[in-house]
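Trainee: I've got a chain to look over before group meeting. Can you walk me through it, question by question?

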Amino acid sequence: QVFVILSVAFVFGQLARLVKQPGVAGEILAGICLGPSLLGWLWPSGSHWLFPAENVKVLLCFSQIGLVFFMFIVGMELDTISMKKRTQHAVMISHVSIVFPFFLGVCMAYYIYGYFGSAHKGFLSFALFMGIAMSVTAFPVLARIVQERGWSFTSLGTLAITCAAADDVTAWCILALVVAISKAGSVGSGLLSIGLALVFISVMLWLVKPWLMKRTAAVARAGRGGVALALILVLLSSWISESIGIHALFGAFLAGVIMPGDVKFKKMLTQRLEGISMLLMPVFFACTGMRTQVGLIAQPQLWLVFGLIMVAAVGGKLGGSMIAARIMGLPWSESFCIGVLMNTRGLMELVVLNIGYEMGILSAEIFTLMVLMALGTTFMTVPLLNLVYRNDKQSTRQSSIQLRP
């Protein structure tokens with residue numbers, strides 16, 4: 001099973017790169033093709049033989065381990081120094097890019113809850129998950145696109161990455177709150193989980209982080225000892241966050257955020273853990289693909305709902321980010337690019353959707369529609385950027401972004 005998953009993901013990833021798309025977009029598409037939408041439709045008996053239901057739980061376990069390491073690496077890659085330098089502008093743009101699509105997602109949930117909602121979870125959980133699913137930005141995919149286009153050291157690229165980083169921090173905090181409320185069943189009963197989460201975050205930031213910073217030099221020289229310490233921290237943090245009522249991935253992300261800023265130490269951890277994460281991530285895509293059933297949305301009205309989702313997603317994320325960037329003083333062309341980049345959802349969207357699906361909040365139909373939205377918004381990023389900047393490096397280096405104080 002793993003051999004087939006990795007082989008297909010590799011081929012689709014390479015094909016995606018050939019057409020100037022992020023490799024992760026091809027890997028997501030590979031996962032969908034391995035599920036009932038294509039393989040199960042063309043060869044049902046072969047699909048059942050290759051991926052029997054009893055084995056999917058094992059694959060899910062593997063994928064969760066990969067996700068934990070992935071979120072840890074994402075947390076480590078946050079450039080908090082750059083975020084502090086551009087705090088005002090990045091926070092303004094990122095928060096607008098969350099609030100606007102979140103509001104549209106909640107409004108849309110009001111109209112579609114009767115068709116896709118879960119009776120035993122209630123409207124509140126459904127609306128909150130639709131809102132946060134609309135608000136997510138794929139920070140790793142965005143960073144990779146910026147790097148591949150040669151924008152890493154331009155004002156536009158730096159601002160986009162900083163906005164995405166601030167978006168990630170805020171979105172994951174909101175997601176932790178949403179999960180706590182959904183698991184508890186109401187806002188009132190979720191206050192305990194929220195309080196414990198705040199205590200947990202405070203301990204990690206004010207106690208664990210200073211202790212790690214004191215040991216940075218010794219741990220960096222220790223090699224294997226440093227990796228062991230990081231593994232203990234990320235797994236313990238994930239277990240605590242899951243135990244107090246928020247998702248394990250938030251704990252892994254927080255563990256990455258508090259890692260010491262020593263470049264050699266972070267590089268050593270990334271080299272050791274990224275290989276494991278990248279090996280297991282296609283398994284996550286395959287598990288997502290097995291949950292995605294395009295055949296469920298054969299009815300014309302469901303495709304109309306998909307169109308509504310795309311309008312709300314693109315209008316809220318791209319439009320909100322673009323307007324906020326323009327208000328902060330960027331030219332329209334660069335504001336548009338910020339909006340396009342922030343509209344990239346990719347893997348982070350799938351993580352949110354799988355959490356909602358596993359909790360029974362999202363039905364198979366709305367889960368499939370949202371996965372297709374994640375694919376659509378990811379694939380449209382590069383073509384939309386090419387509308388403004390075809391000669392990427394020269395165009396962005398010649399431009400001068402003047403941000404209003």
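**A walk through the helices**

Mentor: Start with α2: nine of its 11 residues are buried, so the rest of the structure largely encloses it. "Buried" here means under 20% relative accessible area, "exposed" over 50% and "partly exposed" in between, with a 1.4 Å probe and protein chains only. Helices (H or I, at least four residues) and strands (E, at least two) are DSSP runs, numbered from the N terminus. Keep in mind that this is a predicted model, where local features need pLDDT of at least 70, side-chain atom pairs count only at pLDDT 80 or more, and totals for chains, interfaces and linings use all residues. Residues are numbered from 1 along each chain as its sequence is written, and side-chain values use heavy atoms, with hydrogens and water left out.

Trainee: Which elements are included in what covers the buried residues of α2?

Mentor: The buried residues of α2 are G23, V24, A25, G26, I28, A30, G31, I32 and C33. Their cover comes through contacts, meaning heavy atoms within 4.5 Å. It includes α1, α3 (39–42), α9 (139–148), α15, α18 (346–358) and α19 (364–379).

Trainee: How many helices and strands are there in the chain?

Mentor: The chain has 405 residues, and 55% of them count as buried. Among contacts with a separation of 6 or more, 81% are between residues 24 or more positions apart. As for the count, it is 21 helices and zero strands.

Trainee: And α14, how many of its 10 residues are buried?

Mentor: Helix α14 covers residues 248–257. Its buried residues are A248, L249, F250, G251, A252, F253, L254, A255 and G256. The helix is largely enclosed by the rest of the structure, because the number buried is nine.

Trainee: Which residues have the most contacts inside the largest nonpolar core?

Mentor: A nonpolar core is a set of buried Ala, Val, Leu, Ile, Met, Phe, Trp, Tyr and Cys residues joined through side-chain atoms within 4.5 Å. The largest one has 116 residues, and the two with the most contacts inside it are F129 and I366.

Trainee: Which helix gives the most to this core?

Mentor: Look at residues 155–184, which contribute 14 residues to the core. There is also a second, separate core of 12 residues, including L39, F51, A286 and C287. For the largest core, the helix that gives the most is α10.

Trainee: What is F129 in contact with, leaving aside its neighbours within four places in sequence?

Mentor: Some of the partners fall in the 170s and 180s, namely L175, V178, V179 and S182. The others on the list are V352, I355, G356, M359 and I361.

Trainee: How many salt bridges does a search of the whole structure find?

Mentor: Side chains of opposite charge can pair when their charged atoms come close. The rule used is a side-chain nitrogen of Lys or Arg within 4 Å of a carboxyl oxygen of Asp or Glu. That search gives two.

Trainee: How far apart in sequence are the parts that K317 and D167 tie together?

Mentor: K317 and D167 form a salt bridge, with the closest N and O atoms 2.8 Å apart. Both K317 and D167 are buried. K317 lies in helix α16 (residues 300–327) and D167 in helix α10, so the parts tied together are apart in sequence by 150 residues.

Trainee: What about R291 and E358: how many residues apart are they?

Mentor: Their side chains meet in a salt bridge at 3.5 Å, N to O. R291 counts as buried at 12% relative accessibility, while E358 counts as partly exposed at 38%. R291 sits in helix α15 and E358 in helix α18, and the separation is 67 residues.

Trainee: Is T270 buried or exposed?

Mentor: T270 is found in helix α15 (residues 263–291). Leaving aside neighbours within four places in sequence, T270 is in contact with I73 and M76. With a relative accessible area of 17%, T270 is buried.

Trainee: Last one: how many disulfides are there?

Mentor: A disulfide is counted when a pair of cysteine sulfur atoms lies within 2.5 Å. Among the cysteines, C107 is partly exposed at 31% relative accessibility, and C287 is buried at 3%. By the distance rule, the count of disulfides is zero.
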